[in-house]
Amino acid sequence: MASPGQKVVLITGCSSGIGLRMAVMLAKDEQKRYHVIATMRDLKRKDKLVEAAGDTYGKTLSLAVLDVCNDESVKQCIDGIKDRHVDVLINNAGIGLVGPVESIPIEEMKKVFETNFFGVIRMIKEVMPDMKKRRGGHIIVVSSVMGLNEKRSDVLSLIEPGPVHTEFEVKMIEEVKKRECPGADPDTVHYFKDVYLPSSLDIFEALGQTPDDIAKCTKKVIEASSPRFRNLTNPLYSPIVAMKYADETGSLSIHAFYHMLFNMGSLMHVSITAMKYLTCGCLRSRTISPN
């Protein structure tokens, strides 16, 4: 239970990765300004979080079961909070899906939308009425630098990471490598597995941030007096966003990516590797201020 003066922060998807680091960082706030409710679908996966939380577990951090794909689970979780009082909702739970579009079953695509889109909507619908009554609250959505079409709301902030080094990404890439890609023609499979995936791994390795970097940016957004709607976490990805805004047709960014992936080949690999060693992580770990 939160102490007087503490903000109640509910975070979805805390069993690993970004959600875990967000929960731990806020729970370990030196001024003890937050009581974190870290949620996950299965509490059997709590061990990493509990270990990382240390002596904050049971004090400034508590656990709750929550499946964002289940209406009743969402309601039960919020009903279990004293006075249903949530000051900050961080929508972090999400799943990924990579592959040639013709090879991915519609049911798998639906699962992504059920978690990444409708899961966020369920959470917002459950906490928004109480926030409106109190005339206070903050909703944060962990999105992506590639998600440039979301709608603005007065209480909503987007955290937009680029590549992030987590078990989530590693596991997803490994699974995709083994996938047969049924329905895709041989050329598509070749370009996907032999060109796109290796290049993506190079980019993740060279430009990727850590979950702690994303957690730090999120904490700054929560603490900001007037937080921005969009919050890019990785300065090295600013050119991508600039290209999208510079050309409303979208051609500029598409052509740039195509050229990088298919025409530059080994040159891009060498360039990214050089960038990794030249920056030594300095730029990658610097987040952009939310003020």
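In the predicted model, Arg84 is partly exposed, with a relative accessible area of 22%, a value that lies just outside the buried class because that class is limited to residues under 20%. Arg84 belongs to the loop between α3 (71-79) and β4, and its backbone is marked by a positive phi, near 55°, in a residue other than glycine. Most residues other than glycine have a negative phi. A positive phi, of about 50°, is also found at Lys32, again not a glycine, and Lys32 is placed in the loop between α1 and β2. Lys32 has a relative accessible area of 54% and is therefore classed as exposed, whereas Arg84, at 22%, is classed as partly exposed.

The interior of the model was examined next. The largest nonpolar core comprises 29 residues, and within this core the residues with the most contacts are Ile11, Leu49 and Ile90. Two or more residues of the core are supplied by each of the strands β1 (7-11), β2 (34-40), β3 (61-65), β4 (88-91) and β5 (138-142), and likewise by each of the helices α1 (17-27), α2 (47-53) and α8 (211-223). Helix α1 provides the largest share, amounting to eight residues. When neighbours within four places in sequence are left aside, Ile90 is in contact with Val9, Leu10, Ile11, Thr12, Met22, Leu26, Ile140, Val142, Thr218 and Ile222. A second core, separate from the one described above, contains 23 residues, among them Val74, Cys77, Val127 and Val141.

At the surface, Phe113, Phe117, Phe118 and Ile121 together make a nonpolar patch of about 390 Å². Of these residues, Phe113 is located in helix α4 (residues 106-116) and is exposed, its relative accessible area being 53%. Phe117 has a relative accessible area of 43% and is accordingly partly exposed, and Phe118, with a relative accessibility of 41%, also counts as partly exposed. Two members of the patch are further related through their rings, since a search of the whole structure finds one aromatic pair, and this pair is formed by Phe117 and Phe118. A pair of aromatic rings is described by the distance of the centres and the angle of the planes. For Phe117 and Phe118 the centres are 4.9 Å apart and the angle between the planes is 80°, and the arrangement is edge-to-face because the angle is over 60 degrees.

Key. Residues are numbered from 1 along each chain as its sequence is written. This is a predicted model: local features need pLDDT of at least 70, side-chain atom pairs count only at pLDDT 80 or more; totals for chains, interfaces and linings use all residues. Side-chain values use heavy atoms; hydrogens and water are left out. Patches are made of residues with over 30% relative accessible area and no salt bridge: like charges are joined within 9 Å, nonpolar side chains (Val, Leu, Ile, Met, Phe, Trp, Tyr) within 5 Å. Accessible areas come from the Shrake-Rupley method with a 1.4 Å probe; for residues, only the protein chains shown count as cover. A salt bridge is a side-chain nitrogen of Lys or Arg within 4 Å of a carboxyl oxygen of Asp or Glu. Helices (H or I, at least four residues) and strands (E, at least two) are DSSP runs, numbered from the N terminus. Buried means under 20% relative accessible area, exposed over 50%, partly exposed in between (1.4 Å probe, protein chains only). A nonpolar core is a set of buried Ala, Val, Leu, Ile, Met, Phe, Trp, Tyr and Cys residues joined through side-chain atoms within 4.5 Å. Contact means heavy atoms within 4.5 Å. Rings of Phe, Tyr and Trp (its six-membered ring) pair if their centres lie within 6.5 Å; planes under 30 degrees apart count as stacked, over 60 as edge-to-face and the rest as tilted.
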